[in-house]
Amino acid sequence: MSSEFGEKIKISIFGESHGEAIGCVIDGLPSGVKLDIDEIYADMSRRAPGNDKFATPRLEKDIPHILSGVLDNTTTGAPLAMVIENTNTRSGDYSNLMTLPRPSHSDYPAYVKYNGFNDVRGGGHFSGRLTAPLVFAGAVAKQILKTKGVFIGAHIAQVGNVCDTLFDKNNIEKSLLDKLTASKFSVIDDSVEDKMRAEIEDARMAQDSVGGIIECAVIGVPTGVGGNMFSTVESRLSSILFGVPAVKGVEFGDGFAFASMRGSQANDPYCVKDGKVAVKTNRNGGILGGITTGAPIVFRTAIKPTASISQPQQSVNLQTMEEETLVIKGRHDPCIVPRAVPVIEAAAAVGLLDIMM
């Protein structure tokens with residue numbers, strides 16, 4: 001499986017949802033970087049299951065065990081290897097999925113690609129559980145980016161039909177990003193949290209699920225980072241963002257809204273700010289020609305509703321080739337958007353660090 005990312009900073013993620021452990025190896029990190037382990041634990045906790053009544057009740061502590069590459073909490077320059085033990089699996093809940101693939105999951109295409117040897121327990125290597133080591137790698141990357149004056153934060157822009165206030169794309173303060181990264185339910189307008197939770201609860205009570213949008217911002221990236229054609233900042237970030245399960249769309253700046261604009265509305269005029277060239281607006285999300293403009297990088301990711309729902313669904317018995325009704329067992333989030341916020345931040349951090357090294 002292609003579970004590696006990066007050119008200068010390479011990460012490899014391994015394990016399965018119900019295997020003994022999951023983990024990652026990060027190669028290419030600079031030596032001498034002092035890691036704040038508590039900050040890493042805080043990011044891991046934001047993503048971890050079992051911490052909110054609206055999340056899966058599968059309780060995993062997600063304590064990373066660093067095997068190499070760190071001495072006295074400082075990077076040595078050697079590959080950083082980390083594992084997280086899986087301690088709360090119920091593999092019997094998935095015994096029927098080898099013959100009855102779940103709609104909107106990887107079960108059937110993986111069954112064909114891997115000749116029926118794929119691990120379907122909890123989604124195996126395709127599971128959102130594999131985002132835990134990605135969050136670890138992102139937490140490390142964020143600490144290195146901070147030394148370069150680069151800061152990342154994201155929020156729940158939408159759950160179902162409930163929307164949060166969006167970033168002011170050309171005026172994003174570090175204090176706002178700090179507030180968002182310190183929260184387990186990250187929103188800009190605190191008054192929308194109860195409405196979003198009500199939307200999630202409505203889906204849960206209907207034995208259903210709901211999707212949403214996560215908006216992420218990066219400040220402090222200097223002008224001139226990135227490349228054109230196939231090495232654009234957008235293409236590099238998109239490639240790792242689409243590695244996050246359930247991400248089905250990525251847009252930068254005003255994104256798809258550009259389709260209904262004229263050039264006079266879409267263009268970002270230049271001005272002088274603090275003695276430097278700047279943009280008066282930031283509709284392009286801090287990137288032009290694939291290269292950073294010095295304005296905040298702003299993008300949004302669309303997260304599809306959790307595919308595992310409790311309602312009966314139609315599937316096909318792969319042994320008899322007859323249509324059958326599938327009832328999915330197990331423990332699943334009615335909405336993965338809140339727990340996906342630190343994952344999107346992590347993906348952005350790993351991608352940007354690789355670009356900037």
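**Figure 1. R300 and E251, a salt bridge between two strands.** R300 is buried at 10% relative accessibility, where buried means under 20% relative accessible area, exposed over 50% and partly exposed in between (1.4 Å probe, protein chains only). Its partner E251 is likewise buried, with a relative accessible area of 19%. The model is predicted: local features need pLDDT of at least 70, side-chain atom pairs count only at pLDDT 80 or more, and totals for chains, interfaces and linings use all residues. Residues are numbered from 1 along each chain as its sequence is written, and side-chain values use heavy atoms, with hydrogens and water left out. R300 forms a salt bridge with E251 (a side-chain nitrogen of Lys or Arg within 4 Å of a carboxyl oxygen of Asp or Glu), and the closest N and O atoms are 2.9 Å apart. The pair links distant parts of the chain, with R300 in strand β16 (residues 297–303) and E251 in strand β11 (residues 247–252), 49 residues apart. Helices (H or I, at least four residues) and strands (E, at least two) are DSSP runs, numbered from the N terminus. Elsewhere, salt bridges that share partners join D43, R46, K142 and E345 into one network. The count of salt bridges comes to 18.

**Figure 2. Salt bridges within helix α5.** The side chains of E193 and R197 meet in a salt bridge with an N to O distance of 2.9 Å. These two residues are separated by about one helical turn, because they lie 4 residues apart in helix α5 (residues 193–205). E193 is partly exposed at 23% relative accessibility, whereas R197 is buried at 17%. In the same helix, E201 and R204 lie 3 residues apart, about one turn. Their salt bridge brings the closest N and O atoms to 2.8 Å. E201 is partly exposed, with a relative accessible area of 24%, and R204 is partly exposed, with 39%.

**Figure 3. The second largest pocket and its lining.** On a 1 Å grid over the protein atoms alone, a pocket is an open set of points where a 1.4 Å probe fits, with protein on both sides within 12 Å along at least five of seven lines; lining residues have an atom within 4 Å of a point. The second largest pocket holds about 500 Å³ of space, a volume being the space filled by probe spheres set on the points, which are joined across faces, edges and corners. Its lining comprises 22 residues, and K273, A278, G294, A295 and P296 lie nearest the centre. Strands β10 (212–219), β12 (270–273) and β13 (276–279) each supply at least two lining residues; the largest share, 4 residues, comes from β13. By class, the lining has 11 nonpolar, 7 polar and 4 charged residues. Ala, Val, Leu, Ile, Met, Phe, Trp, Tyr, Cys and Pro count as nonpolar, Asp, Glu, Lys and Arg as charged, and the others, Gly among them, as polar.

**Figure 4. An open sheet of 5 strands.** The strand order is β1-β2-β3-β7-β4, with antiparallel pairing; two strands pair if DSSP finds at least two bridges between them. The edge strands β1 (4–5) and β4 (65–68) each pair on one side only. Antiparallel pairing of β2 (residues 10–15) with β3 (residues 21–27) extends over 6 bridges, and S12 stands opposite V25 in β3.

**Figure 5. The hairpin of β17 and β18.** Strands β17 (residues 313–317) and β18 (residues 322–326) run antiparallel and are joined by 5 bridges. The bridge partner of S315 is E324 in β18. The hairpin has 4 residues between the strands, and M321 takes a positive phi near 55 degrees.
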